[in-house]
Amino acid sequence: MYFDFLILKRPVSLQTRNRANLQAWKRYVQAEAARTWSGQIYSGQDIHLTLVYLYESDPVDTDNIVKPIQDALVGLIYEDDLLVTDVESHRRPLTGTFDLTRCPNALIQGIASGTECVYVRVCASRLLEDYL
């Protein structure tokens with residue numbers, strides 16, 4: 001399993017007091033994923049979720065963007081977020097330096113857009129020892 005997509009919008013924090021905005025964000029994330037995803041709902045082995053958040057200024061906390069995105073993919077990409085056993089979340093300024101030869105196409109599109117965005121990759125988990 002390998003799937004990635006780009007969310008061309010500033011993420012909403014799990015800690016926001018505006019719960020309606022958080023729910024709207026989740027619906028937006030799911031709609032963006034649905035534009036790219038053409039597979040069945042995954043219910044197999046454990047999943048590894050990777051996020052790369054590119055920001056302009058005053059970034060959202062990296063840990064607070066994970067859960068809303070993870071939840072938004074339930075019922076579309078995977079059956080239950082309990083399948084997500086590994087998570088990586090990265091935050092980088094849009095003004096940063098990137099080696100584009102090592103970046104996936106969707107992330108390159110995000111960098112080229114010049115706007116805040118989140119790159120999302122969903123793939124099968126590896127052995128724990130591979131992360132250590």
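Visitor: In which sense do β2 and β3 pair, parallel or antiparallel, and over how many bridges?

Guide: This is a predicted model. In it, β2 and β3 pair in the parallel sense, over 9 bridges. Pairing requires at least two bridges, so β2 and β3, with their 9, count as paired. One example is Tyr53, whose bridge partner in β3 is Arg91.

Visitor: What makes the pairing of the whole sheet mixed?

Guide: Look at the senses strand by strand. β2 and β3 are parallel. β2 and β4 are antiparallel, over 8 bridges. β1 and β4 are also antiparallel, over 6 bridges. Both senses occur in the one sheet of 4 strands, and its pairing is mixed.

Visitor: Which residues show how β4 is joined to its partners?

Guide: Take Thr50, whose bridge partner in β4 is Arg121. Then take Leu6, which stands opposite Tyr119 in β4.

Visitor: Why are β1 and β3 called edge strands?

Guide: The sheet is open and its order is β1-β4-β2-β3. β1 and β3 each pair on one side only, as edge strands do. Neighbouring strands in this sheet are turned by 10 degrees against each other on average, direction ignored.

Visitor: How do you know that β4 is largely enclosed?

Guide: Count its buried residues. Buried means under 20% relative accessible area. In β4, 6 of the 8 residues are buried, so the strand is largely enclosed by the rest of the structure.

Visitor: What makes helix α2 mostly covered?

Guide: The same kind of count. α2 spans residues 62-72, and 8 of its 11 residues are buried. Among them are Ile65, Val66, Pro68 and Ile69, and also Asn64 and Gln70.

Visitor: What covers the buried residues of α2?

Guide: The cover includes helix α1 and the strands β1, β2, β3 and β4. α2 packs on the sheet and touches β1, β2, β3 and β4. Its direction makes about 130 degrees with that of β3.

Visitor: How does helix α3 lie on the strands?

Guide: α3, residues 105-113, lies across β1, β2 and β4. It runs at about 10 degrees to β1.

Visitor: Why is Asp81 called buried?

Guide: Its relative accessible area is 18%. The cut-off is under 20%, so Asp81 qualifies as buried. Asp81 sits in the loop between α2 and β3.

Visitor: Which residues is Asp81 in contact with, leaving aside its neighbours within four places in sequence?

Guide: Lys67, Gln70, Asp71 and Val74. Of these, Gln70 is one of the buried residues of α2.

Visitor: How do you know which strand gives the largest share of the lining of the largest pocket?

Guide: Count by element. β2, β3 and β4 each supply at least two residues. The largest share, 3 residues, comes from β3. The lining includes Thr50, Tyr119 and Arg121. About 260 Å³ of space lies in this pocket.

Visitor: How do the residues of that lining divide by class?

Guide: There are 6 nonpolar, 2 polar and 3 charged residues. Tyr and Cys count as nonpolar, so Tyr119 and Cys103 in this lining go into that class.

Visitor: What lines the second largest pocket?

Guide: The lining includes Asp4, Leu6, Tyr28, Glu32, Arg35, Ala106 and Gln109. β1, α1 and α3 each supply at least two residues. The largest share, 4 residues, comes from α1. By class, the lining divides into 5 nonpolar, 2 polar and 3 charged. About 170 Å³ of space lies in this pocket.

Technical notes
Residues are numbered from 1 along each chain as its sequence is written. This is a predicted model: local features need pLDDT of at least 70, side-chain atom pairs count only at pLDDT 80 or more; totals for chains, interfaces and linings use all residues. Side-chain values use heavy atoms; hydrogens and water are left out. Buried means under 20% relative accessible area, exposed over 50%, partly exposed in between (1.4 Å probe, protein chains only). Contact means heavy atoms within 4.5 Å. Axes are lines fitted to C-alpha atoms, for helices over the stretch in contact, and angles run from 0 to 180 degrees between N-to-C directions. On a 1 Å grid over the protein atoms alone, a cavity is a set of points where a 1.4 Å probe fits but cannot get out, and a pocket is an open set with protein on both sides within 12 Å along at least five of seven lines; lining residues have an atom within 4 Å of a point. Grid points are joined across faces, edges and corners, and a volume is the space filled by probe spheres set on the points.
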